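Please read the sequence and the model shown here side by side, and keep both in view while the paragraphs below move from a single residue out to helices, domains and chains.

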Amino acid sequence: MTQTVNNGDTAWLLTSAALVLLMAPGLAFFYGGMVRSKSVLNMMMMTFGALALVSILWVLFGYSLAFGDDLGGGLLGNPEQFAGFRGMLTATSGGVPVTAFAVFEGLFAVITVALISGAIADRARFGTWMVFVALWVTVVYAPVAHWVFDYSAGGHVGGWLANRLHLVDFAGGTAVEVNSGAAGLAAALVLGKRVGFGRDPMRPHNLTLVMIGAGLLWFGWFGFNAGSALRADNAAAVVFTATLLAGSAGALSWLVVERVRDGHATSLGAASGMVAGLVAITPACGAVSPVGAILLGGVAGAVCALAVALKYKLGYDDSLDVVGVHLVGGVVGTVGIGFLATRVAPSRVDGLLYGGGVDQLWRQLVAVAVVLAFSFVATYVIVTVLERTMGFRLDEEHEVSGIDLVVHAETAYDLHATAGARTHLGHGGGSGVLAAITRHESDERG
Amino acid sequence: MKLVTAVIKPHKWEDVRSALEMVGVTGMTVSEVSGYGRQKGHTEVYRGAEYDIALVPKIRVEIVVEDEDADEVVISIVDSAKTGRIGDGKVWVMPVESVIRVRTGDQDVAAI
């Protein structure tokens, strides 16, 4: 594995990794603006917490679980092989340092688990969330990343979806989008609805924050998708173009659905449609033509705009529509490859509409079904166990009074100078906000 | 002395202030408030979910005046705040027992 390093490819890969990292604060803004003002900090902390924790776990054992030599059946990598990035520091592969590839992939793990937080907004205990993040990345994300992203090469044996089923998934329609969406559904079902769901208004408290977040996500997505080419080459440029077009088409089609259905084109709709288009193009960005990217993004924007209404009909509180946007958009994109893939694109596969028959289509369908089922069941079990042992759902009273104050002892906005704050400098144990709340409660009980 | 309180549409506030300056009012207390009357609220739509927003933003103006000035101040507010559409607001007058200027200790009419 001692080849020369290609400077251009390495520079692009490292830059792409930084772009993917930017998606974390992007997601924090995107989600944070959508919740009520009493829980924006917790919403953002779920993403920042995941970023800090997963980065470390990924280096310690996560990368090895996903990209170590296969332990059997294409199901899981060897967790010891690259533990702590052992033996990787001078290794190169395909002209880029293995370490650069490994941190790039680690940031995919960060964003995937962070996406789940949108399904359980306002009501998840932070400590339990962090335990969930560690468990989920280990038990769900790393295996699925092994299946989808770990290609066999030389003496290395990779995962079964990529190498045996020959799934086409360029940047993670299954491993990232379907995976997080199915997990979000399971987590929302186990934790239950927010107090007042469907009765109290739960409108976004800051749509400008949502728009900033959506913009940062799109910017970062160029690294996510075009960085997945792992080279600064023609394929990266084609993927980059598809990423631009699908986001644009998704935003437009979501707005058209809204204008026809509700009478208004909204800013939240533009941001959501853009993300829906980007979700759908994530697996397909290397498989479709630019016109195919417009079609796929457009279909995803419209389908997701309709899908977000499902939660009210079916009665589950997927608070920020992780299911409606990421699961549904991920399915549209991954299955869409079976129709819209064309041999002229980097993935070199023809879909049904380009004379390839159903050969690729069934492979895409199998992969979607397997990842969806595995993620849903495994997440359902993890969240249930955590709820019954540590307790995952916040107390109703604390949820109503606001998770930012109760869990983090902070409020996001100080808009009134007359709030009556007094300062206790240093740490005197009993003088904090939590102590004040506790005192207040014991007063009431007393 | 009288306390004149007016609840008006936010975008009429500058008109009302100019009109009050014309009749010699030199100070007032203004707050941003919300409420509803016959105007009811409005509807907002987020990802297809409709919310009825009951409370409408308004401006509340409070002025303490001498008894004989009250009618002129009220008329001036009503004229300047009027758009003729629903939701223009209300003006009401209440008696005031005493007023003290904090800085000087001046009382009642001298403190206005």
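Which residues does A:Leu296 touch, not counting residues up to four places away in sequence? In this predicted model, the residues touched by A:Leu296 under that condition are A:Ala246, A:Ala280, A:Ile281, A:Ala284, A:Val288, A:Gly333, A:Gly336 and A:Leu340.

These contacts can be placed in a wider setting, since A:Leu296 and A:Val113 are the residues that touch the most other members of the largest nonpolar core, a set of 164 residues. Helix α2(A) gives the most to this core, contributing 15 residues, and the core draws at least three residues from each of the domains of chain A, namely domain 1 (7-389) and domain 2 (396-445). Apart from this core lies another, of 13 residues, which includes B:Ala6, B:Leu20, B:Val73 and B:Ala81.

A:Leu296 also takes part in a helix pair. Packed helices are described by the angle between their axes together with the distance between those axes. For helix α10 (residues 290-307) of chain A and helix α12 (residues 322-340) of chain A, the angle is about 145 degrees and the axes are 9 Å apart, and the crossing of α10(A) and α12(A) is right-handed. On the side of α10(A), the contact is made by A:Gly292, A:Leu295, A:Leu296, A:Val299, A:Ala300, A:Val303, A:Cys304 and A:Ala307, and on the side of α12(A) by A:Gly324, A:Val325, A:Val328, A:Gly329, A:Val332, A:Gly333, A:Gly336 and A:Leu340. Divided by class, the residues of this contact between α10(A) and α12(A) comprise eleven nonpolar and five polar residues, with no charged residue.

At the level of domains, the assignment for chain A gives domain 1 (7-389) and domain 2 (396-445), and the centres of these two domains, taken over C-alpha atoms, are separated by 36 Å. Where the domains meet, 13 residues of domain 1 of chain A are in contact with eleven residues of domain 2 of chain A. Helix α2 (residues 40-67) of chain A gives the most to the side of domain 1 that touches domain 2, with four residues, and that side of domain 1 has five nonpolar, three polar and five charged residues.

Between the chains, 13 residues of chain A are in contact with seven residues of chain B. The side of chain A that touches chain B has, by class, six nonpolar, three polar and four charged residues.

Technical notes. Residues numbered from 1 in each chain as written. Chains lettered and ligands numbered in written order. Predicted model: local features only at pLDDT ≥ 70, side-chain atom pairs only at ≥ 80, totals over all residues. Domains from an automatic or database assignment. Contact = placed C-beta atoms within 7 Å. Helix = DSSP H or I, 4+ residues; strand = E, 2+ residues; numbered from the N terminus. Nonpolar A, V, L, I, M, F, W, Y, C, P; charged D, E, K, R; others polar. Core = buried A, V, L, I, M, F, W, Y, C linked by C-beta atoms within 7 Å. Buried ≥ 20, exposed ≤ 12 C-beta atoms within 10 Å, placed from the backbone. Axes fitted to C-alpha atoms, helices over the stretch in contact; angles between N-to-C directions. Left-handed = near helix turned anticlockwise from the far one by under 90°.
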